[in-house]
Amino acid sequence: MAPGTNTMTNDPILKVEHLSMRFGGLMAINDLSFEAQRGDITALIGPNGAGKTTVFNCVTGFYKPTMGMITMRQKAGKAFLLERMTDFEITRDAKVARTFQNIRLFSGLTVLENLLVAQHNMLMKASGYTILGLLGFPTYKKAAAESIDIAKYWLEKANLIERADDPAGDLPYGAQRRLEIARAMCTGPEFLCLDEPAAGLNPRESLALNELLRSIRKDSGTSILLIEHDMSVVMEISDHVVVLEYGQKISDGTPDHVKNDPKVIAAYLGVEDDEVEEVIEEIEVIAESEGPQGGTHS
Amino acid sequence: MSIISNTNESAGGNLTARALREGIFAGIIALGLFVLFVGLETTQNIRNELVLNQRWGLLAVFVIVAAVGRFVTVAYIRPSMAARKAAASKAVAETEESFFKRNFSKIAIAALLIYPPLMVMLFGVQGSLKWVDNFGIQILIYVMLAWGLNIVVGLAGLLDLGYVAFYAVGAYSYALLSQQFGFSFWVLLPLAGILAAFWGMILGFPVLRLKGDYLAIVTLAFGEIIRLVLINWTEVTRGTFGVSGIPKASVFGIWSFDVSAPNNFAKVFGLPMSSAYYKIFLFYLILALALLTAYVTIRLRRMPIGRAWEALREDEIACRSLGINTVTTKLTAFSIGAMFGGFAGSFFAVRQGFVSPESFVFLESAIILAIVVLGGMGSLVGIAVAAVVMVGGTELLREMTFLKAIFGPEFTPELYRMLIFGLAMVVVMVWKPRGFVGSREPTAFLRERKAVSGSFTKEGHG
C-alpha cells in the first residue's frame, strides 16, 4: 500500500466546500466538502448514481455547480476558484486535466497527433498564434521539436511508443485508456482527474495502470483524483478515499479506515435504511471479536 | 529458369486447349439453343401463307459470337483479370506507389501551367477561349471554393450550407469598391478577403454555439440573408439588375487589358486584338489563388491551429478538456475559410465583369459542399478531382451536340446537368462512401507516415 507521504502536512491542492448540484428536482450532490492533498492520489468511490462523475464535472468545469466553492491551489501558490471558470480555462490556466468515463480520443488522428493536440496552448504561444509559425520563425520549430519529445516521453511511459503512428481509434481498449491518460498529462497538469481509468481493463492491464499512475505521481509530482469501481486499484494506490452515496459524503479517510467503515459497507451491500443501525451493531461485534486488523472489504 | 518457362508454356498450352474446348461447347450449345429461334423464322407472305424463312447466316453469327466470346473469356480475359488482381494485392503488400501516384500533385500543377499555351497551340488564339475560360477557369474557381470550404467542413467539421455568402461578399466588395472608388484589383483582392473573413466572424459569433443540424440551418439562413440584402438594398447594389461594367484586372498595373489603354497587353507585344490573352491571364491568376489556398491549408494543418481544427472535428468535448478554446478555434476556421471564399468572389467579379444576386443562390453552396464531400473531406487532391469531374463533366455536357442526333434536335443535354450530377453523387457515395480520397494524411509522425483510414475519422457534429 502506498504511504500517504503528504497526508500529515496539510497542503490541499483541491478544496471542495459545500458543493451542491441540482438537476431540476434531483439533488445530485448535496453539500459535499472534501480536500485532496498535494502529491496524494485521492479516490472518489461510491455506488452507481452516487454523484461521483457529477463532482468531476463540477471540478473540471463541465457543469456549473448550484452552490459551493472549489479552490485549486497551485504549487506556486496561485489559487483558482474553479466554479467560476469555464472548462477549457480550468485546463489551460488552473492546470487541471481530466479523462472521461467513456474514452474520448481523437480516433481519426494518430496517437502522436493526439498528444500534440494536448500541447495546443503551449504551441500556439510558441507559434505566435500561428502567424510567426506560418512565416517559419525558429521559435516555433524549436517548440514543435520539444512537443514531440514530450509526446515521446509519455508514449514510452504509457508503453505506446510502438503504436505512435497508428490512428488512435485502432488501439485496443486498454491502450486507449492509457493514451487518454498520457494525453491529459501532455497538457502539463498539476492535478489530474481520472474518471474510472480501470473500467474494462483486465487484471494485468489494471496492474500496468497502477504502475503508470504511481510513476505519474512520483516523476511529475502531479496530484491525482480518481473515480474507480475496481477496488483492487483503489485500495492499492490511493492515499485517501472519499465515499459518496446519494450525493453526500459518508466516509473520508485512508483506504484502511474506509474499508472498515460500517456506513460504507452498508452502502455497498445495499441495506435498507431502517436496518442500517442493526448492521452497524453487527459489524462492530464482528470487528471486536476479530480484533483491530479484521474486517475484510466485500 | 527453363523449368519455370516450361511449366508456363505447358500451362499456356493447357489453357488454350481448354479455351478451345469450352469455345466449341459454347458454340454447340448456342447452335442448339438458337437453331429454332434464330435459324428458322415463320412469316406470312403476300398471299397470307405461312412461310418458313431460313436464316443460316444469322445463326452462324450467333454461334460464332458465343464460341469466340467463350474462347476469349477463358483464354485471355480471365487470366488477365486474375493477374491484375494478384498484381494489385502484391502492390498493396509492397506499398510501393507508382511514380505517377507519388508525384500526382506536381504533375498536375505542371500540366495546369502548360495548359493555356497548349490550348492556344491546338485550337488557335480564338479557339482556346472555350477551353481556357469555360473549362479551365470555371473548374479552378470551384476547386478554390471547395478548398476554402474544406477548411470549415473537412478540417473543422462545421457543416456550412451558406458558404456562397462569403463568395458574394468578395464579389460585391470588388464590384462596388472598384466602381465607387476606382481601386485596382490588386488592392481590392486582399480587402475582399478581409471583408469576407470579417463577415465570417460576424456570422460565427452567434452561430458557433450551435451544433450539427442547427448550425447547418443557420448558416443556410445566413447565405439567404446576404442574397436578399443584395437584392433589396437597391441604392447600393442595384438589386436584381446587378453591378455591371466592373473594371478588368491588370498585370500588376504594368499591362492592362482595356482595349483603349495605351499599355494594352496585345498592343505592347504587337499581337492581334483578342480577349483570349485576358482569359489566359485570368487562368494563371485563379491557378495562383487556388494554389495559395492549398499551400495555406497544408501549412495550417501542421500548425497547432490546424491540428485543433481536426481535433474539433473528432471530439469537441475532449478538445475543451485539453484547454483548447473551441470558440476561437471555430472562429478562425470560419473566417479563414470565408477569406478564401472572398478571394474567389473578387476573382469571379473580375472575370465576369458583372455580378448579380442570381450568381449566389443556395445551389452554388450545395454544389461546393457536394464537391467537398465527394472528394473526401479534408483531402485536397480528392476535392480537386471531384471538382474536375463534377464541374468539368457538366461543362462537357454542353459539348455533346452529337446527342442531338440520337434524341432529336430539341434535346439540350445541359438541362440534364443536375440529374446527372445527382446520379453521379449517389453512385460515388455508394462506391466510395468517404469520397474519392477517404484516408487522411497524418500531420506528424515518429517513424513512418501512415495514412489514416477513413473508417476512423469522423465527419464532425458541430
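The following exchange asks how some descriptions of this predicted model are reached.

User: What makes β1 (residues 12-23) and β4 (residues 67-73) of chain A a pair of strands?

Analyst: Two strands pair if at least two bridges are found between them, and five bridges join β1 of chain A to β4 of chain A, which run antiparallel. The pair therefore meets the cut-off of at least two bridges. In β4(A), the residue A:I70 is the bridge partner of A:V16.

User: Why are β2 (26-37) and β5 (79-81) of chain A called edge strands?

Analyst: The open sheet of four strands follows the order β2-β1-β4-β5 in chain A, with antiparallel pairing, and its edge strands β2 and β5 each pair on one side only. From one strand to the next, the twist averages 15 degrees.

User: How do you know that helix α1 (residues 52-59) of chain A packs on that sheet?

Analyst: Residues count as in contact if their C-beta atoms lie within 7 Å, and α1 of chain A touches β1, β2 and β4 of chain A, while its direction makes about 115 degrees with that of β1(A). On the sheet of six strands, α1(A) also lies across β3 (41-45), β6, β7, β8 and β9 of chain A, running at about 145 degrees to β7(A).

User: What is the strand order of the open sheet of six strands, and what kind of pairing does this sheet have?

Analyst: The order is β6-β7-β8-β3-β9-β10 in chain A, and the pairing is mixed. At its edges stand β6 (96-98) and β10 of chain A, each pairing on one side only.

User: How do you know that β7 (residues 191-195) and β8 (residues 223-227) of chain A pair?

Analyst: Five bridges join β7 to β8 in chain A, and the two strands run parallel; the cut-off is at least two bridges, so these strands count as a pair. Here A:L192 stands opposite A:I224 in β8(A). Helix α8 (residues 203-220) of chain A lies across β3, β7 and β8 of chain A, at about 150 degrees to β8(A).

User: Which domains is chain A divided into, and what makes up the contact between domain 1 and domain 3?

Analyst: Chain A is divided into domain 1 (7-95 + 191-201 + 222-255), domain 2 (104-187) and domain 3 (260-298). The contact takes six residues from domain 1 and six residues from domain 3 of chain A. On the side of domain 1 that touches domain 3, β9 (240-245) and β10 (248-253) of chain A each supply at least two residues, and the residues of that side divide into four nonpolar, one polar and one charged.

How values were computed:
Residues are numbered from 1 along each chain as its sequence is written. Chains are lettered from A and ligands numbered from 1 in the order in which they are written. This is a predicted model: local features need pLDDT of at least 70, side-chain atom pairs count only at pLDDT 80 or more; totals for chains, interfaces and linings use all residues. Axes are lines fitted to C-alpha atoms, for helices over the stretch in contact, and angles run from 0 to 180 degrees between N-to-C directions. Two residues are in contact if their C-beta atoms, placed from the backbone, lie within 7 Å. Domain bounds come from an automatic or database domain assignment. Ala, Val, Leu, Ile, Met, Phe, Trp, Tyr, Cys and Pro count as nonpolar, Asp, Glu, Lys and Arg as charged, and the others, Gly among them, as polar.
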